[in-house]
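Please open the structure in your viewer, and keep the selection tool at hand for the stops that follow.

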Amino acid sequence: MKRLLLLICCLGMIAVGARSQNFKLNSAGYFSNKGVDVMAFADVYPEGHQSGVSLIMHGNRMATNGDLRFEPTPGQWQPVPKQRSRNQDLSANQIVARLSFPDSSRHLKGFNPMVYPDFEFNYTVTVEGQGSSVIVTVDIDRPVPERFIGKLGFNLELFPGALFGRPWIMDDKSGIFPQHPNGPTISSTSNIAHTGAFDPNPRANLDNLTGHNHGYNPARADEIIAEPYTVGRRFTVRPDDPYNKLVIESSTADLKLYDGRMNHNNGWFVVRSDIPRGATKGAIRWTITPNVVDSWLYKPVVQTSQLGYHPNQPKTAVIELDSRDSLRHTPTLYKITSEGEKPVLSAAAKEWGKFLRYNYICFDFSEIKDEGLYQVRYADASSSIFRIARDVYDRGAWQPVLEYFLPVQMCHIRVSEKYRVWHDLCHDDDALMAPTDYNHIDGYAQGNSTLSPYKSGEIVPGLNHGGWHDAGDFDLRVESQSGECYILALAREAFTVDYDATTIDQKKRIAEIHQPDSKADILQQIEHGMLSVVGAYSALGRLYRGIICNDLRQYVLLGDAAAMTDGVIGTSDDRWVFTENNPGRELSAAAALAASARVMKGFNDTLAVQALNAARTIFANVPGEGFFKAAKIQAATELYLATSEAVYSDYLLAETKFIADRIMQTGWFIGRAEKKLNNPAFTQAIRDALPRLRKQLETQAAGTPYGVPYRPSIWGAGWGIQEQGYNYYFLHEAYPDIFPAEMLYNALNFVLGCHPGSNTASFASGIGAKSATVGYGLNRADWSYIPGGVISGTALIRPDFPELLEFPYLWQQVEYVMGGGSSHYMFLVLAAQQILSRK
């Protein structure tokens, strides 16, 4: 009888175990089985490795972009399908996505033009949970033409950062995922040879986009790819690790393991099956079986500032928990001393609730003000060690932005740091006027006129001075150049930053990091940005849209910016300058020019006069109605603060109703003008409107456990949160009775490590105990970083997975930027330092 009972018990346990190992479609729209989730076509960014079928295994995204592609190892420049519909059926336990090629809206036009092959078709991807597996089936509505046999196939990309040095098994063969791509290679005819005619008037030039068939070009990267590491029917990823083990079986075509880094440095490993000749219905059928560790729970993550806190600052640790974890422990704050450690505060955490896929509790330790080293612990998890100190923001906090990041990003100059050369004198041959009626790359496009005295292809003088490379890329956009100057100018006015750690010599065209020259670095940086914006304005008689390389091979350059062109003016490798009619950007630049003119006065008086005159002219000539009126008001605000002239004060007073009605847009910048105007009616209108703004901001902040809005689309939300904190400073300074300082501190803490996900690194590279030391900057190919650069930050893998990978090529997570990012971060630290020093 005992044996019978034992047998029944064991069978029952087996049955329970079997039930727990089933993939079920949940209300969030993905298949879930304990610690493993399978998403299907919920995301929208295949160029950024974020789309199609994706697998998250025990807290880590292992695979993504499961979909049909025309190349075994596509990059960001290869064509992607158009998703037409996505339907999920809970009762059938399946997701059905309907897609098609081409997406004619992206064929030789758009932000980044793509080249689509001449094969139009529709297809369906069905993803269905069946027990412990997920079945992926592809139906295509017509057979693949002979010219695309071996070209069109189903790809699944594997994240390389989790696989280097790890094993795989294909049938009876085995291997190790290599640290770098290895030959031999395979040559084939590029799909470019079969370009479709999907737009009668394409604005991008096919020859220019594809490099005129001379050597390597990212748009023709399918010509030479890596030979597959292995071919078979059953592929096992990470057989050594139960938390990351994944089995893929194909019943219709061979599986092939490719290394996408052979033809794109930012490529991933790819498992692929080609569409068989003549196949339509059930052309691809994969069975994907991720290993599920039944007992796994997401380990608690204790999120704090990686830098630390001022004693008078609010201090809250946010603790992120598995939504299935019902246990609650008591968090404890420990003080770390030379004699050891001791607990100084234990208290029940406050339940915040569910956000995204996790539950959150908050541990407030604001009452602790004694200076020293501290750590928060919760169960077997702990935060990084951080400081509480009055000088926490005084050194190595905001300074790296001025010491390293801004100098390294400087264009038209040689940048050195003692033994090291960050980059040589670059782009001294800028620039040729861009072609008209032309859709270029990275959002650059020229209309039917150059809007200037220069014809297409002519040399535009005076453009080889000043400016900063736009972080991950090397172009100079007007909004990044003027925007950077604007933030730095307002920082100079608000905090009187006189820090000097760098020599900048515009005549000799050199910058030497950590070699002071008795000049305020922030003023030298504003000058450098203005030399580009004002120089272009003087040459063109208007603002430029920007300056960018003319060739895609140049655009993907990794390394020294000086290698992009030959430095000889008037040759075919020179960069192009673009112009545009864009009232919003022009008026925003006018505001930046006026603010910069104020701080340039007494430092570079000639440049100050030129900047102010340009701002005046733009304000006078550029219409600011409808959507652009707020930008016109911002320009008037900065011009009034710069000149005190009635033309600007009268304009502001005349627009009192609009300013009050649009207080969400205008509130942050109008306060300084309101104080100077000293007009009772205007002041009352603004103060009556401000509570609406405060309520909106409070509502947004209450939507997350971090006290700031976190609503990423594609890019990580760090830059936007910093910008909101930057704007909030001006609200607090002008109206402290309405806007307390806490939201500013929350924004700063978010950037410094108190943000969603298991990676709690500070977004500010090199700042804090743990920071983003792999960034998408000029040295990304070395898996390195630029101190003081601030990455885009934790992104959202839709619908609910926050992710920050340590991988240098995910621009939407780890790219640096100009016109915000680092300068907004620097501003936030200076603001916190200023406000807290008053207490």
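This tour goes through helix pairs, a pocket, a cavity and some local backbone features of a predicted model.

**Helix pairs**

Two packed helices are described by the angle between their axes and the distance between the axes. Begin by selecting helix α4, residues 478-495, together with helix α17, residues 822-837, whose axes come within 10 Å and cross at roughly 15 degrees. Angles under 35 degrees count as roughly parallel, and α4 and α17 are therefore roughly parallel to each other. If you look along the crossing, α4 passes α17 in a left-handed sense. To see the contact itself, show the side chains of Glu-484, Ile-487, Leu-488, Leu-490, Ala-491, Ala-494 and Phe-495 on α4, and then those of Ser-823, His-824, Met-826, Phe-827, Leu-830, Ala-831 and Gln-834 on α17. Coloured by class, this contact of α4 with α17 shows 10 nonpolar, 3 polar and 1 charged residues.

Next, select helix α9 (residues 629-643) and helix α12 (residues 663-677), which pack at an angle of about 30 degrees with their axes 10 Å apart. Under the cut-off of 35 degrees, α9 and α12 are therefore roughly parallel to each other, and their crossing is left-handed. On the α9 side the contact includes Ala-630, Ile-633, Gln-634, Thr-637, Glu-638, Tyr-640 and Leu-641, and these meet Gln-665, Trp-668, Phe-669, Ile-670, Arg-672, Ala-673, Lys-676 and Leu-677 in α12. The contact of α9 with α12 has 9 nonpolar, 3 polar and 3 charged residues by class.

For the third pair, move to helix α13, residues 680-701, and helix α14, residues 718-734, where the axes come within 13 Å and cross at roughly 145 degrees. The crossing of α13 and α14 is again left-handed. Here you should display Leu-690, Leu-693, Leu-697 and Gln-700 of α13 alongside Gln-724, Tyr-728 and Leu-731 of α14, since the contact is made by these residues. Which classes do the residues of the contact of α13 with α14 divide into? The residues are 5 nonpolar and 2 polar, with no charged residue in the contact of α13 with α14.

**A pocket and a cavity**

Now turn to the second largest pocket, which has a volume of about 560 Å³. A useful way in is to select Thr-316, Cys-362, Asp-364, Pro-705 and Asn-746, which are the closest to the centre of this pocket among the 28 residues that line it. Widening the selection to whole elements, you will find that β23 (316-322), β26 (350-355), β27 (358-364) and α15 (742-751) each give two or more residues to the lining of the second largest pocket. Of the elements, α15 gives the most, with 4 residues. By class, the lining of the second largest pocket has 16 nonpolar, 6 polar and 6 charged residues.

How many cavities of 30 Å³ or more does a search of the whole structure find? The search finds 5, and about 70 Å³ of space lies in the largest cavity. To outline the largest cavity, select Pro-46, Glu-47, His-49, Asn-65, Arg-69, Pro-74, Gly-75, Gln-76, Glu-157, Asn-266, Gly-267 and Trp-811, which line it. Divided by class, the lining of the largest cavity has 3 nonpolar, 6 polar and 3 charged residues.

**Backbone details**

Most residues other than glycine have a negative phi, and most peptide bonds are trans. With that in mind, zoom in on the peptide bond from Asp-430 to Ala-431, which is cis, with omega near -5 degrees; Ala-431 lies in the loop between β32 (420-423) and β33 (432-433). A cis peptide bond also joins Arg-798 and Pro-799, with omega about 10 degrees, and Pro-799 is placed in the loop between β41 (795-797) and β42 (801-803). Then select His-412, which has a positive phi of about 60 degrees although it is not a glycine, and which you will find in the loop between α3 (399-409) and β31 (414-417).

The last stop is Ile-176, in strand β12, residues 173-176. Leaving aside neighbours within four places in sequence, Ile-176 is in contact with Gly-165, Arg-166, Pro-167 and Trp-168. Finally, draw a C-alpha to C-alpha line from Ile-176 to Arg-238: these two residues are 62 residues apart in sequence and 9.4 Å apart in space.

Key
Residues numbered from 1 in each chain as written. Predicted model: local features only at pLDDT ≥ 70, side-chain atom pairs only at ≥ 80, totals over all residues. Heavy atoms only, no water. Axes fitted to C-alpha atoms, helices over the stretch in contact; angles between N-to-C directions. Parallel < 35°, antiparallel > 145°, perpendicular 65-115°, else oblique. Left-handed = near helix turned anticlockwise from the far one by under 90°. Contact = heavy atoms within 4.5 Å. Nonpolar A, V, L, I, M, F, W, Y, C, P; charged D, E, K, R; others polar. 1 Å grid on protein atoms, 1.4 Å probe; cavity = no way out; pocket = protein on both sides within 12 Å on 5 of 7 lines; lining within 4 Å. Points joined across faces, edges and corners; volume = space filled by probe spheres on them.
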